[in-house]
Amino acid sequence: MKINKVRYLSAAVGVATVVVGGVAIAPLASADTSTSISAHVVDQRANTFELVGKQTSIEDLDLGRAGISPGDQRVIHEDLYRDGEKVGDHSVVCTYTHVDPAALQCLGTFSLPEGQFAAQALLHLPAPSYVDVGITGGSGDYRNARGFVRTVPAGDTERHFTVHLKR
């Protein structure tokens, strides 16, 4: 049972670490709309930037029945880098809501010099190659934040985040 739990949680960490930005999948604009006025306005108001998360701690909590069960959690902390320089940190907590098939509710917070923004997602395993996590709010310069964060695993302890932020 313990080995199966570790496998599920290991798969979840790749997705969970991306979660700190929430889970609202944003529609992609088609090529023919890029010349429209609305697409032009959206592009001017959107702020997109890249971050790299490097995991500094991870803990699996078996809070219910032995083995994976609803309520078990994975807690992750990462340092955030922009252009090779540490600029903040990110924490996420994922809670199992269903076991077979696995579903996890993940809540996270990105902390940067300009402020913080929160995100959440409902993740289903097996995890896809990337996850778009919806930004649910923030503080400081991010107090009116909305948008999404695309997370892509880059190994066992690193994630690449593309933040698509509208303020």
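**Close-up views of a predicted model**

**View 1. The Cys94–Cys106 link is right-handed, with 120 degrees about the S-S bond.** The disulfide (a pair of cysteine sulfur atoms within 2.5 Å) joins Cys94 to Cys106 with an S to S distance of 1.9 Å. Cys94 belongs to strand β3 (residues 85-98) and Cys106 to strand β4 (residues 103-112), so the pair ties together parts that are 12 residues apart in sequence. Strands here are DSSP runs of E with at least two residues, helices are runs of H or I with at least four residues, and both are numbered from the N terminus. Are the two cysteines buried or exposed? Both Cys94 and Cys106 are buried, where buried means under 20% relative accessible area, exposed means over 50%, and partly exposed falls in between (1.4 Å probe, protein chains only). By the sulfur rule, the count comes to one disulfide.

A word on the model: it is predicted, so local features need pLDDT of at least 70 and side-chain atom pairs count only at pLDDT 80 or more, while totals for chains, interfaces and linings use all residues. Residues are numbered from 1 along each chain as its sequence is written, and side-chain values use heavy atoms, with hydrogens and water left out.

**View 2. Strand β6 (residues 131-138) is largely enclosed by the rest of the structure.** Why is that said of β6? Six of its eight residues are buried, so the rest of the structure largely encloses this strand.

**View 3. Strand β6 pairs with β5 and is joined by bridges to β7.** Pairing requires that DSSP finds at least two bridges between two strands. β5 (residues 115-124) and β6 are antiparallel, with four bridges between them, and they form a hairpin with six residues in between. On the other pairing, β6 and β7 (residues 146-153) run antiparallel and are joined by five bridges.

**View 4. Gly134 of β6 has a partner in each of these strands.** Gln120 stands opposite Gly134. In β7, Phe148 is the bridge partner of Gly134.

**View 5. The whole protein chain has two helices and eight strands.** Along the sequence, their order is α-α-β-β-β-β-β-β-β-β. How much of the chain is buried? Of its 167 residues, 37% count as buried. Taking contacts (heavy atoms within 4.5 Å) between residues at least 6 apart in sequence, 54% join residues at least 24 apart. The chain exposes about 8800 Å², and carbon and sulfur atoms supply 54% of that area, computed by the Shrake-Rupley method with a 1.4 Å probe; for residues, only the protein chains shown count as cover.
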